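Me: I'd like to learn how to read a model like this one, feature by feature. Could you walk me through it?

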Amino acid sequence: MFLGWVIPVTVCSSCSDLAAEMAAALASASNVFKDNKVYSKKLVHGAETLWKFAGGVDDATFYNSSMYGDE
């Protein structure tokens, strides 16, 4: 019986990459729910909070891409 992929879990001190990914997901979801202004604002607030926790670094400093084809 296949139970799925095994993904190792480790303890991290800041997990800034995970926080940044979650911030991006919340910001994206705020666009999906833009018709519900209250919920969309909550999602944006959560995204901003996580982004600050992640360090709020401009990604273009590390990864400057001009095309979507390399994603």
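Me: Let's start with S28: what is its relative accessible area, and how should I read that value?

Reply: Happy to help! Buried means under 20% relative accessible area, exposed means over 50%, and partly exposed is in between, with a 1.4 Å probe and protein chains only. S28 has a relative accessible area of 41%, so S28 is partly exposed. Its place is in helix α1. Two notes before we go on. This is a predicted model, where local features need pLDDT of at least 70 and side-chain atom pairs count only at pLDDT 80 or more, while totals for chains, interfaces and linings use all residues. Residues are numbered from 1 along each chain as its sequence is written, and side-chain values use heavy atoms, with hydrogens and water left out.

Me: How many helices and strands are there in the protein chain?

Reply: Helices (H or I, at least four residues) and strands (E, at least two) are DSSP runs, numbered from the N terminus. The protein chain has two helices and zero strands.

Me: What span should helix α1 have?

Reply: The expected span is 1.5 Å times one less than the number of residues. For the 17 residues of α1 (residues 16-32) that gives 24 Å, and the end C-alpha atoms are 25 Å apart, which agrees.

Me: Which residues of α1 are buried?

Reply: An α-helix has 3.6 residues a turn, so residues three or four places apart point the same way. In α1, the buried residues are A19, A23, A29 and S30. Viewed down the axis of α1, they fall within an arc of 125 degrees (taken from the directions from the helix axis to the C-beta atoms), so they line one face. On the other side, D17, E21, N31 and V32 are exposed. The cover over the buried residues of α1 includes α2 (37-54).

Me: Is S40 of α2 buried or exposed?

Reply: S40 counts as buried, at 11% relative accessibility. Contact means heavy atoms within 4.5 Å; leaving aside neighbours within four places in sequence, S40 is in contact with S30, F33 and K34. A polar atom of the S40 side chain lies 2.9 Å from the backbone oxygen of S30.

Me: How many aromatic pairs are there?

Reply: Rings of Phe, Tyr and Trp (its six-membered ring) pair if their centres lie within 6.5 Å; planes under 30 degrees apart count as stacked, over 60 as edge-to-face and the rest as tilted. The count here is one aromatic pair. The rings of F33 and Y39 have centres 5.0 Å apart and planes at 80 degrees, so this pair is edge-to-face.

Key: Polar contact = N/O pair within 3.5 Å; in protein donor to acceptor, adjacent residues only side chain to side chain.
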